[in-house]
Amino acid sequence: TYVLRESGIQVNGTYFSQTKALPPEARSAITNRSPATPQLIKTVNKRSNNFFAEQLLTTIGMQVAKKGSRRTAVNRVMSWLNSIGILNREFIMIDGSGLSRKNLIAPISTARLLRTMYNHADFQLYYESLPIAGVDGTLRYRMKGTAAEGNVRAKTGYVSNVRCLSGYVKDKKQRPYIFVIMVNHYSVPTSYVNQFQDNICNILCNYNGPIP
């Protein structure tokens, strides 16, 4: 009721929380439906929306294990990652957004995840959720005017002095590659690290030789 009153909406009588059964005479005043899950995932990946990421994590717990707690959800995620070959020692998950300094992941684990998704039935939905270099999302201003523009689809990651970029790219022969770039504890400006990562992506886009 606080939010309603702050918005100038008068509230009279008795109100009920979602945890209590509504009386039979209750009538719905308004219904607000969430966008479909693919759209929510696109918002998380394109914009790096940390709040949405946290909500999606707890939703996993509620939908899969009927308990919307972070710990339950993390356990379900870890169980699935184990099933695709990612070991517990390679990945420590604390939250859904990745903002905690206690989150840890090995580059090989990220590569395994990207490879699994490449062969997954829902790959196209996942692929379309990733930022496009020089076009949109967190990569909209990066790699413009290079061979990587419109080619690289990748997710950025950033906390202080840690900058990551992982995703998919096609070379001059349109052969797909997975790449994972993680830079830790750097002492140079983040813009320098961004350029370093962009240069690697551009090299991959321009590659025209035999498959290494």
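Which residue in β5 is the bridge partner of K170? Keep that question in mind while moving through this predicted model, since the answer comes at the last stop of the tour.

**Whole chain**

Begin with the entire protein in cartoon view, where 7 helices and 5 strands can be picked out, following the order α-α-α-α-β-β-α-α-β-β-β-α along the sequence. Orient the view along the principal axes, and the C-alpha trace spans about 75 × 40 × 35 Å. The radius of gyration is 21 Å, whereas a compact globule of 212 residues would have a value near 17 Å.

Switching to a surface representation, one finds an accessible area of about 13900 Å², with 55% of it belonging to carbon and sulfur atoms, while buried residues account for 33% of the 212 residues. If the charged side chains are then coloured by sign, 27 are positive and 11 are negative, and the centres of these two sets lie 4 Å apart. A contact map adds a further view: among contacts between residues at least 6 apart in sequence, 47% join residues at least 24 apart.

**Helix α2**

Next, select residues 37-47, which form helix α2, and show the side chains of its buried residues, namely L40, T43, V44, N45 and K46. In helices generally, residues three or four places apart point the same way, because there are 3.6 residues a turn. To see what covers the buried residues of α2, add α3 (50-65), α6 (123-129) and β3 (153-159), which are among the covering elements. Before leaving this region, step to S48, just after α2, where phi is positive at about 55°.

**Strands β3 and β4**

Keep β3 on screen and add β4, residues 162-170, a mostly covered strand in which 8 of the 9 residues are buried. The two strands, β3 and β4, pair in the antiparallel sense over 7 bridges, and a useful pair to label is Y158 with its bridge partner in β4, R163. At the turn of this hairpin there are 2 residues between the strands, and N161 has a positive phi near 65°.

**Strands β4 and β5**

Finally, extend the selection to β5, residues 176-184, which runs antiparallel to β4 and is joined to β4 by 9 bridges. Here the opening question is settled, for the bridge partner of K170 in β5 is P176. The hairpin of β4 and β5 has 5 residues between the strands, and Q174 is the residue to highlight in this hairpin, with a positive phi near 65°.

Terms used:
Residues numbered from 1 in each chain as written. Predicted model: local features only at pLDDT ≥ 70, side-chain atom pairs only at ≥ 80, totals over all residues. Heavy atoms only, no water. Helix = DSSP H or I, 4+ residues; strand = E, 2+ residues; numbered from the N terminus. Rg over C-alpha atoms; globule rule 2.2 N^0.38 Å. Buried < 20%, exposed > 50% of the residue type's maximum accessible area, 1.4 Å probe, protein only. Contact = heavy atoms within 4.5 Å. Areas by Shrake-Rupley, 256 points an atom, 1.4 Å probe, with all protein chains shown as cover. Lys, Arg positive; Asp, Glu negative; His and termini not counted. Charge placed at Lys NZ, Arg CZ, Asp CG, Glu CD. Pairing = 2+ DSSP bridges.
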